[in-house]
Amino acid sequence: MRNPEIIETELMEISAIFDDTVKFERIIAWCGSHPDEVPFALHQLLGRHDKHPPQTSQA
């Protein structure tokens with residue numbers, strides 16, 4: 001597996017893409033190019049999600 005910082009940088013670059021179709025295509029290509037890193041990437045993304053709980057609007 002490559003350096004975790006490189007993986008995170010690549011994923012952040014993909015997440016910054018505005019067009020959802022292009023973003024989806026890049027995610028598929030990334031997963032195909034680095035299949036052994038997909039579990040690590042998912043763990044990183046899920047871990048980041050837990051650190052920032054969704055904000056609810058108060059009515």
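Q: Which helix gives the largest share of the lining of the largest pocket?
A: This is a predicted model, so keep that in mind as we go. Helices H1 (4-15), H2 and H3 each put at least two residues into the lining of the largest pocket. With 5 residues, the largest share comes from H3.

Q: How much space lies in the largest pocket?
A: Let's start with how you'd look for it. Rolling a probe the size of a water molecule over the atoms shows where empty space is left. For the largest pocket here, that space comes to about 210 Å³.

Q: How many nonpolar residues are in the lining of the largest pocket?
A: The lining is made up of 13 residues, and those nearest the pocket's centre are Leu 11, Ile 27, Trp 30, Ala 41 and Leu 45. Sort the lining by class and you get 1 polar and 2 charged residues. The nonpolar count is 10.

Q: Is Ala 41 buried or exposed?
A: Ala 41 sits in helix H3, which covers residues 38-51. Buried means under 20% relative accessible area. Ala 41 has a value of 5%, so Ala 41 is buried.

Q: Which residues is Ala 41 in contact with, leaving aside its neighbours within four places in sequence?
A: Sequence distance can fool you here: Leu 11 is 30 residues away from Ala 41 along the chain, yet their C-alpha atoms are 7.9 Å apart in space. Both residues are also among those nearest the centre of the largest pocket. Once the sequence neighbours are set aside, the contacts of Ala 41 are Leu 11 and Trp 30.

Q: Is His 34 buried or exposed?
A: You'll find His 34 in the loop between helix H2 (20-33) and H3. Not counting residues up to four places away in sequence, His 34 touches Arg 2 and Glu 10. The cut-off for buried is under 20%, and His 34 comes in at 18%, so His 34 is buried.

Q: Which residues are linked in a network of salt bridges?
A: The structure has 2 salt bridges. In one, the side chains of Arg 2 and Glu 10 meet at 2.7 Å, N to O. In another, Arg 2 meets Glu 37 at 2.8 Å, N to O. Put together, the network links Arg 2, Glu 10 and Glu 37.

Q: How many residues apart in sequence are the parts that Arg 2 and Glu 37 tie together?
A: Arg 2 is partly exposed at 25% relative accessible area, while Glu 37 is buried at 2%. Arg 2 lies in the segment before H1 and Glu 37 in the loop between H2 and H3, so their salt bridge ties together parts whose separation in sequence is 35 residues.

Definitions and conventions
Residues numbered from 1 in each chain as written. Predicted model: local features only at pLDDT ≥ 70, side-chain atom pairs only at ≥ 80, totals over all residues. Heavy atoms only, no water. Helix = DSSP H or I, 4+ residues; strand = E, 2+ residues; numbered from the N terminus. Buried < 20%, exposed > 50% of the residue type's maximum accessible area, 1.4 Å probe, protein only. Contact = heavy atoms within 4.5 Å. 1 Å grid on protein atoms, 1.4 Å probe; cavity = no way out; pocket = protein on both sides within 12 Å on 5 of 7 lines; lining within 4 Å. Points joined across faces, edges and corners; volume = space filled by probe spheres on them. Nonpolar A, V, L, I, M, F, W, Y, C, P; charged D, E, K, R; others polar. Salt bridge = Lys/Arg side-chain N within 4 Å of Asp/Glu carboxyl O.
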